[in-house]
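User: I'm new to this one and would like a close look at a single part: the places where its pieces touch. Could you walk me through the contacts slowly, in plain words?

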Number of protein chains: 4
Amino acid sequence: MKIDNLVHDGVPRNHFASDNNSPAHPEVIEAVLSANQGHALAYGDDYFTERATAKLREVFGSSCEPFFLSTGTGANVLSMAALTRSHHAVICAENAHLNGAECGATEKFAGVKLLTVPTRTGRIGVEDIQALLGNSGDQHHVQPRVVSLTQATDFGLCYSVEELRRICDFAHENGLYVHMDGARLYTACAALGVSPGEMTRDTGLDVLSLGGTKLGLLGAEAVLFFRPELAADFAYIRKQGMQLASKMRFLAVQMEALFTNDLWLRLADHANAMARLLADELREIPGLEPTREVQTNMVYATIPPQAVEHIRQRYLFYVFDAKRWEVRLVTNHDTTEEDVRGFAEMARKTVGQ
Amino acid sequence: MKIDNLVHDGVPRNHFASDNNSPAHPEVIEAVLSANQGHALAYGDDYFTERATAKLREVFGSSCEPFFLSTGTGANVLSMAALTRSHHAVICAENAHLNGAECGATEKFAGVKLLTVPTRTGRIGVEDIQALLGNSGDQHHVQPRVVSLTQATDFGLCYSVEELRRICDFAHENGLYVHMDGARLYTACAALGVSPGEMTRDTGLDVLSLGGTKLGLLGAEAVLFFRPELAADFAYIRKQGMQLASKMRFLAVQMEALFTNDLWLRLADHANAMARLLADELREIPGLEPTREVQTNMVYATIPPQAVEHIRQRYLFYVFDAKRWEVRLVTNHDTTEEDVRGFAEMARKTVGQ
Amino acid sequence: MKIDNLVHDGVPRNHFASDNNSPAHPEVIEAVLSANQGHALAYGDDYFTERATAKLREVFGSSCEPFFLSTGTGANVLSMAALTRSHHAVICAENAHLNGAECGATEKFAGVKLLTVPTRTGRIGVEDIQALLGNSGDQHHVQPRVVSLTQATDFGLCYSVEELRRICDFAHENGLYVHMDGARLYTACAALGVSPGEMTRDTGLDVLSLGGTKLGLLGAEAVLFFRPELAADFAYIRKQGMQLASKMRFLAVQMEALFTNDLWLRLADHANAMARLLADELREIPGLEPTREVQTNMVYATIPPQAVEHIRQRYLFYVFDAKRWEVRLVTNHDTTEEDVRGFAEMARKTVGQ
Amino acid sequence: MKIDNLVHDGVPRNHFASDNNSPAHPEVIEAVLSANQGHALAYGDDYFTERATAKLREVFGSSCEPFFLSTGTGANVLSMAALTRSHHAVICAENAHLNGAECGATEKFAGVKLLTVPTRTGRIGVEDIQALLGNSGDQHHVQPRVVSLTQATDFGLCYSVEELRRICDFAHENGLYVHMDGARLYTACAALGVSPGEMTRDTGLDVLSLGGTKLGLLGAEAVLFFRPELAADFAYIRKQGMQLASKMRFLAVQMEALFTNDLWLRLADHANAMARLLADELREIPGLEPTREVQTNMVYATIPPQAVEHIRQRYLFYVFDAKRWEVRLVTNHDTTEEDVRGFAEMARKTVGQ
């Protein structure tokens, strides 16, 4: 593929396409190398996993129960499996990853129906949830049991701590659990100046899909239960869900690295700063005003087709809404000011020609 | 855990407990580092995955369809999902990993029943399969559709190429597919002097779970389809099965490394040689004769309880059959002659005291 | 429950609540009694099932494959199971029974996602389907495979034969199957003056859930495959789906009775006529104009709360939309003119007081 | 099919093939007819279902929770779904209907693995259960959660009340629930002179699949929960499991009829008596000694092939073990002494010729 070759033509270049495209951070690599010595018990009974678990408890609270997994879809789906029986339903935004980008894995594995809320921001509110509770107790209808929130949303937007608290309170009063898809938790925490624990445990959250791969890991995710009783069966669910890594130590140390010396914060701050810079640069180009608020590491903007084609010769990115030529630009831990200015430069030259 | 601490007391020591306990091989680490540059498209659309795919086609045949995954359980279960509908059945050995060590994942995800064959060796034969075909066409009974073979078996024993051919022929004549759980394919190939392609594609196999984690990878597995039409839906099955890694390149290059300069053969030959040496050493100790044939990297032997306790102070291993004190000793790519002789020395000193 | 007691206070009264509330028709009872003699092979291998199958082939075409089942949900869900793999999706109206009134059974049993179309009529069109095909070939998204139409819809409205043909043609051109939920097929056929075969086989339909319980049976439904190859595994799917009745003859003869001497047509014509009469009566009451077109046996109307309360003392019916006091009135094979006029009389007396 | 035609050649004849082949009893028909008047609320909210529920509570205890269903497979599978999560396992006899004759429905719907006990009688004991508890707490293994017993077994044999108590006590001490597949509960109760309540509630049973179709119903089964908290979700499970009949009254009154004036006991006593008579008659024929104990309505005997062929011209029955010509003869509520003597007569004439 021509676009991909750009990366490997001797001058590896950065994309604005996806946070999944970036490499692992050197401190993460270092952690993996340091764990690659001698034998260690498999399946999580090892020293490194113990250490990483302790680190997560430092950050998220001593009573939380963390489990390491390989994929974010695994984290989301198995969280749902832990919280539901198949006659339950999960309430989420229509554009939640869970609903729109996981090939129906939650329906397949947990057997539940997703009740979705149309939303432009990716955020849902208490009223949206309330509106879906009408069939409670009716045997013909699935019974809502979980609210799944995405923080930051796929549009890079954040729930405030107050919004999260309000949702958690409402949910708990109505017999619902609250799950957070935190594949991009870090940029939200950095943007709001809130610690991961304050954003999750302290808002009343029950279960968290904790990302990592999108922020500088080779590939490691976690599920955290803030109410230990919810985790009682999760070891079996993870194994049956094909997500129990035999050489668990290599997942564990990646996650540990992210919380060592606040690596997550340094990386997320940088990604967010690059997005702000990019938005600022675009704003100076007539007609390129961002189409959505820029809170974290995503910039949405309308770029005319000929400009898209031109810029893509050097910087890969996706067109989000082809009808309006609205594109999505994602910054990351390794995005440089040069990348941003290079992009803006190419945009400036093409737009309005 | 005391046993595990032994590994980290400044002098990391090797186990004979499991091939999952060993570290990644330096050449594998090197491959991961070399792929950790610049951006690459996520989810397998990248240059590295393309290269690794080409490498697997060199080894296993140009028409095979390889898919990379994170876990061996994932490879087995999703293979079954690809080959069956839920009213089908899978025929396998009672002690197949699929049946005995995957927490019912195949029943859960594929919905199928496993029809199991009791066997001391882990191998099943044509007659075993035939005996399970009696209810063909009867709507009250699940319909056998796949035979799953484990090579090498969990006892370290191998099917010969002729046996595999016979089973594949019989299966195909009876409308069954043949799957191989090749988590330990490499030691079998090394032991029999047969190439991976000869052992799989050439015997008529339909689908292979190709291991790697048990032989020096950080964590990467693959599913290979030898009849491309069987792979038609597998991209969806993998995603829905929570096994689609976003940073696929890091799985792909591990597998590529295993087939570069015959790394797999060097590692498997070494592990097998260490097992033979261990068996020879044990044979010289009165009463420690191995209890099963040693074909690959596993030695089973009966060791008296006080000896087990003594040796375990230094070398971790599992008691397989507590009634008879039959233990399982697994060698690996990093097992040294010193480990083997050290183990034997401790055994010699304790047994018969 | 007070409302229900009305039925059993010595003067059994008819409802306008649901077609599921009415008794079985005497000709159906007669058929069951005549089959209750001597022994008959279980599970469908009997003379009566053979005879009923032949009858359905007379009506729906000699190459169709009918299967008898116990419940309509079973017919819908197992149809989906037959047509899909779990990474597929089913396109249907948001208010389809499949989506809204079967407690998530399709998601649970078939594992698929439902892609729903908001609609006031319960009908969907070619453009609605087309709009949901955008992610074809993308492994992150479920792949549409079936369009499920409800005829008549839960609002008593019908697709014309031309509409059905257009949808079937479009679906087949796009690799989709078309399923019809025909729980109320009969009233639609009667209303449009079209035979069951013309409405289904001749429009290009692939699979039909054929109702019966809602029109005078004790309880019997069927699934009909118009392309026999789609039925290849259905005997297993029905058994695994818990819908294989042992004393099948008693399901089969009910369905046979429905197609004997055009019982279905006589019953459906009557139900439709009663609905028309009811609508006419309501139209004469100021403010009670039906809120939706009356095509079959359902009348929707807005009735003020105090009138609802009054009428319900005698005639049970459901409030469909509590905000607007829109009620749903269902007529059936046993609805009498007296019932209709009695209802209208009570409405007339209360409304506008 | 020639065999079946025998039934319909003007002189309907009885089979010894299966209790599913017999017609419904006149008192059951009467009950259905008497319920077929006026409208009744659907889905179980009706007067008849209320009355039948009360009747079952009279028999099985006032705190039991009964649910009516259409099929016995439905009753078994949905019981398992209510008691398990998919990482659990169900312990049962290898020849349990659940394992051997339901097309893998439990694996499919509940996702669990069945751990089976080989047994000639169909009965399992405490030691069998104990032997399967070894992997408790190990994430790689499914966790036993239910013991499912069949009473009477598929060989017509019974657990004594003491055996049932012992199993229930052991199970409860080990965190397991006990389920009984009571498709043939009645003949067991009649044979042991024990009431249905004494056999189930009083032995400590948790859940019962209560049959009926095999003993004179048109088709109706039930699930009874003896611990109401286990029934909390069952209304949803039944609906999602496609087993919620809309015209529930017709299922309910069949079951009610079975417990009215001890119909069940009259029918079961008769069937058992006919089996005893048949066994006695066979014992008088040299070489036809029954091969298994005759406790209820089943007689197993070895009949030479030419005799099988001859007798089958008039009386249908199944060869259970073709290698030994062991046949299964099932008596029922409508088996007459004439049938039994006719069978014996034909056997006598052929055997030893």
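Analyst: What follows is a walk through three contact surfaces, going from chain A with chain B, to chain B with chain D, to the two domains inside chain A.

Keep in mind that this is a predicted model.

Let's start with chains A and B. On each side the contact is made by 63 residues: 63 from chain A and 63 from chain B. Put together, the two chains bury about 5100 Å², and 59% of that sits on carbon and sulfur atoms. If you want a few residues to look at, try H39(A), M242(A) and K247(A), which supply 18% of the area that chain A buries against chain B, more than any other three residues.

What about charged pairs and polar pairs here? Between chain A and chain B there are zero salt bridges. Polar contacts are another story, with 36 residue pairs counted between chain A and chain B, both partners at pLDDT 80 or more. As for which elements take part, the ones that each bring at least two residues to chain A's side of this contact are α2 (26–35), α3 (47–60), α4 (72–83), α6 (105–110), α11 (234–240) and α12 (249–258) of chain A. Out of these, α4(A) has the largest share of the side of chain A that touches chain B, with four residues. Sorted by class, the residues on that side of chain A come out as 29 nonpolar, 22 polar and 12 charged.

Now for how the two chains are placed. Chain A lands on chain B after a rotation of 180 degrees with 0.0 Å of shift along the axis, and the RMSD is 0.0 Å. The copies also meet through the same surface, because 100% of the interface residues of chain A are interface residues in chain B too.

On to chains B and D. A rotation of 180 degrees superposes chain B on chain D, again with 0.0 Å of shift along its axis and an RMSD of 0.0 Å. So the two copies are related as by a two-fold rotation axis. Which residue of chain B comes closest to the rotation axis? That is E107(B), with its C-alpha at 2.8 Å. Both copies use the same surface here, since 100% of the contact residues of chain B recur in chain D.

Chain B puts 18 residues into this contact, and chain D puts in 18. The area buried between chain B and chain D is about 1400 Å², with 49% of it on carbon and sulfur atoms. E107(B) turns up again in this part of the picture: together with C103(B) and K113(B), E107(B) supplies 38% of the area that chain B buries against chain D, more than any other three residues.

There are two salt bridges across the interface of chain B and chain D. One salt bridge to look up joins K113(B) to E107(D), with the closest N and O atoms 2.7 Å apart. You'll also find 10 residue pairs in polar contact between chain B and chain D, both at pLDDT 80 or more. On the chain B side, two or more residues come from each of α5 (97–100), α6 (105–110) and β3 (113–117). By class, that side of chain B has five nonpolar, nine polar and four charged residues.

Last stop: inside chain A itself. Chain A splits into domain 1 (7–19 + 263–350) and domain 2 (26–258). Where they touch, domain 1 of chain A gives 22 residues and domain 2 of chain A gives 26. Their C-alpha centres lie 28 Å apart. Between them, the two domains bury about 2000 Å², 56% of it on carbon and sulfur atoms.

Two salt bridges are counted between domain 1 and domain 2 of chain A. In one salt bridge, the side chain of R184(A) meets that of D19(A), at 2.8 Å from N to O. The domain interface also has 10 residue pairs in polar contact, both at pLDDT 80 or more. On the domain 1 side, α13 (263–283) and β8 (298–302) of chain A each supply at least two residues. It's α13(A) that gives the most to that side, with eight residues. By class, the side of domain 1 that touches domain 2 in chain A has eight nonpolar, seven polar and seven charged residues.

Notes: Residues numbered from 1 in each chain as written. Chains lettered and ligands numbered in written order. Predicted model: local features only at pLDDT ≥ 70, side-chain atom pairs only at ≥ 80, totals over all residues. Heavy atoms only, no water. Domains from an automatic or database assignment. Contact = heavy atoms within 4.5 Å. Buried area = accessible area lost by both parts, 1.4 Å probe. Salt bridge = Lys/Arg side-chain N within 4 Å of Asp/Glu carboxyl O. Polar contact = N/O pair within 3.5 Å; in protein donor to acceptor, adjacent residues only side chain to side chain. Nonpolar A, V, L, I, M, F, W, Y, C, P; charged D, E, K, R; others polar. Least-squares fit on C-alpha atoms with pLDDT ≥ 70 in both.
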